[in-house]
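Biologist: Please show me the structure. I would like to go through its charged contacts and its cysteines.

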Amino acid sequence: MNAPKLCVCRCVLMAAVFAVFFASCTSSGSVKTAGSQIETKPAEPRIAHPYEYFDFDKDLYLTFPVTGNEELFTAVVQKVAPGMSKFSVKQLVEKTKFFYLDANLDFLFDAEIAPTFQFCATGSFPTSYRSMLFTNGNGFRQVKEEQKDRIYEYFYNRDGKFFIDIPQTGYCFADTDYLSGMLLAQEQTQKGEVYKPEWKEEIVDLMFSSDESTKIDWYIAKAEPLVTMLLGGSARLPLQYAFGQMEKIENSANTDTNSLLYKINATLETTDKRFVRPNVAVLNRFIQQAQPAAAGIVPNVSAGSDCEILISDWVIDLGSFISKVGVKNEQ
């Protein structure tokens, strides 16, 4: 009399067991079958921040979006690779979204020192762009680097004396040293390695941000080149480092058409808070005198918290600065 009900109950129970088993298999992304191992979905490659491909021993670190700063990016490319055709430079500008740079600044003060730098450009350029951009006519030649059991192939620019490649779609690496260091770092970060510099938290937050604005983020890690840039080689200013942002401003009608005026906001970290107020007056006088009259903006220097000196609305002409930077040619 109760047999049909008992059969129904057993069927419901078995169905529930199979449902739980199937759910547990599908939720883990694998199904175990007779005579096979449990298959697991491979982890997605980790996407690192471009700074993780860099060395952390340079003076200057610079990040800027190309949109809104096309003229500056063009001027930089034409300075380090003067042999590139206008068409190639235009393609590079149009395809690049962000440009990350680190560099030593000693070459600005000593003509015998060659520039050393690394950069990573990110954007929409495919690896096939190598054959279009890095040609002999544009000033490049192909080179090979042997490292133990590996051979790296990339390109060398004879004018700027740097190595360059597009190792994968959307990434362009360059280094005045051999390129294997950056290429290996990219491989390791994709496997899960994390490379972060021992910078102050506020600097890491600034330089590793994903800000989509047109402002340029910068960090000068060493005091000596910073002081020389600000006040000249004979000046003494007790600074540790500086960081901040700069933003392009429209050129005045009275300004040279080749100028690239940028407004800087900066935080300067002194070695001791006792040095803050005396040097506020020194820097304020210097910046007021150096400010281009055509900018129409009044700069300001003030004391910040603890050891900080704050600079706002300081205008400099990056076009003039880049034009004075020399690149040594090979003999």
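Modeller: A salt bridge here is a side-chain nitrogen of Lys or Arg within 4 Å of a carboxyl oxygen of Asp or Glu. The model is predicted.

Biologist: What is the N to O distance between K248 and E71?

Modeller: K248 lies in strand β9 and E71 in helix α2, so the pair ties together parts that are 177 residues apart in sequence. K248 is partly exposed at 22% relative accessibility, and E71 is partly exposed at 46%. Their side chains meet in a salt bridge, and the N to O distance is 3.3 Å.

Biologist: Which residue forms a salt bridge with K263?

Modeller: K263, in strand β10, is partly exposed, with a relative accessible area of 22%. The partner of K263 sits in strand β12, 50 residues apart in the chain. The closest N and O atoms are 3.8 Å apart, and the partner is D313.

Biologist: How many disulfides are there?

Modeller: A disulfide needs two cysteine sulfur atoms within 2.5 Å. The cysteine sulfur nearest to that of C120 belongs to C172, 7.7 Å away. C120 is buried at 0% relative accessible area, and C172 is buried at 4%. By this rule the count is zero.

Biologist: Is D106 buried, partly exposed or exposed?

Modeller: D106 lies in the loop between β2 and β3. Together with D110, E112 and E224, D106 forms a negative surface patch. Buried means under 20% relative accessible area and exposed means over 50%. The value for D106 is 39%, so D106 counts as partly exposed.

Notes. Residues are numbered from 1 along each chain as its sequence is written. This is a predicted model: local features need pLDDT of at least 70, side-chain atom pairs count only at pLDDT 80 or more; totals for chains, interfaces and linings use all residues. Side-chain values use heavy atoms; hydrogens and water are left out. Patches are made of residues with over 30% relative accessible area and no salt bridge: like charges are joined within 9 Å, nonpolar side chains (Val, Leu, Ile, Met, Phe, Trp, Tyr) within 5 Å. Accessible areas come from the Shrake-Rupley method with a 1.4 Å probe; for residues, only the protein chains shown count as cover. Lys and Arg count as positive and Asp and Glu as negative; His and the chain ends are not counted. The place of a charge is taken as NZ of Lys, CZ of Arg, CG of Asp or CD of Glu. Helices (H or I, at least four residues) and strands (E, at least two) are DSSP runs, numbered from the N terminus. Buried means under 20% relative accessible area, exposed over 50%, partly exposed in between (1.4 Å probe, protein chains only).
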